[in-house]
Structure formats: structure tokens, C-alpha cells
Amino acid sequence: MKQSMRKKIQSSMILVIALTLIIAYAITTLVVYRQTIHIMEGEVRQEADYINVAIDTSGESYLKIMDKDTRITLIDSDGNVKYDSKEDEVTFQNHKNRPEVKEALKTGSGQDIRESNTLNKEMFYYAVKLENGDILRVSKTVDTAFRTAMKVFPAMGLIALIML
């Protein structure tokens, strides 16, 4: 009888610990993902400001000589792509109805996170309206929540081992 009660208590404790770890894992993943997005948003905005100043100073030709690590798109006020650093057939479709472009045309800047039709990856897009009415769009790949979870998994696994 004493042994049976002890097993029930141990099973309950293990269940509580497992559930606590799963909840902590989910919360940690969410926090890390949101923090990563927040940092990247700041970097992309800063890069867009830098490119905006460079275009004002050197003209649109600057886009052709700059580093290609970040995807850069220059869009006219009608949504036609004038330049894209990752040129392909999908790139030159009209962009006027893209959320970040619509917002930039209305308010001066806009942003969106969605899967890229061209790259098939989740992307963060930031668009800013230039003085001449064109839209400069800067975008970077975003880690998905799953990839973020997988980065956090080893640390959470270690914590689980220590607790058990």
C-alpha cells in the first residue's frame, strides 16, 4: 500500500515537472522569437535609412554597387519594380498591393512579415517612401518559430535532465 502511494506521488510529480518544462519551453521560444524579430526590425530600419541617404547622395546607381547580403527592392509609386537585388521573373510583378508598400505609400513607411513568393522563406519586409515618391523596400529572412524552438531545445533539454 505504501509503495503504491509512493508511485502515484512520483508519477504525479514527474507529470507536473514535465508540464512545467513544456510550458517554460513554449514561453522561452516565444520570447526568443519576439526578441529576434525586434532586433532584426531595428537593423533593417537602420539599413533602409542608410540606403535612403546613399541614394539621395549618389543616386539609384548606388544600389548596383552595394553589398547584396540584404534584399533591396526599389519600387515606383505605381508599384512597378525598378530594381531588385535578387532579380527573377516573380520579382518584377507589380508590388503596389503588398502590405508594406501600401502602408509606405499612405504613411511614409510600412512593414510586414510573410513568406516570400520568390525565396519560399519567411521574410521581414520594411518599406520607406523616398523623397521622389519611390518606395525603398529592404527585407531579410526571419527565423521561423520552429527554428527558434530548435535553437532553444538543447538548453531546455539540459534543464529537464537536471530536474529529473
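**View 1. E47 and K140 in a salt bridge between helix α1 and strand β5.**
E47 is partly exposed, with a relative accessible area of 22%, and K140 is also partly exposed, at 25%, where this term covers values between buried, under 20%, and exposed, over 50% (1.4 Å probe, protein chains only). In this predicted model, local features need pLDDT of at least 70 and side-chain atom pairs count only at pLDDT 80 or more, whereas totals for chains, interfaces and linings use all residues. Residues are numbered from 1 along each chain as its sequence is written, and side-chain values use heavy atoms, with hydrogens and water left out. The side chains of K140 and E47 meet in a salt bridge at 3.8 Å, N to O, a term for a side-chain nitrogen of Lys or Arg within 4 Å of a carboxyl oxygen of Asp or Glu. K140 belongs to strand β5 and E47 to helix α1, so the pair ties together parts that are 93 residues apart in sequence; helices (H or I, at least four residues) and strands (E, at least two) are DSSP runs, numbered from the N terminus.

**View 2. The salt bridge between R137 and E100.**
The closest N and O atoms of R137 and E100 are 2.9 Å apart. Since R137 lies in strand β5 and E100 in helix α3, the pair ties together parts that are 37 residues apart in sequence. Both R137 and E100 are buried. Salt bridges with shared partners join E100, D112, R114 and R137 into one network.

**View 3. The salt bridge between E100 and R114.**
Here the closest N and O atoms are 2.7 Å apart, and E100 and R114 are both buried.
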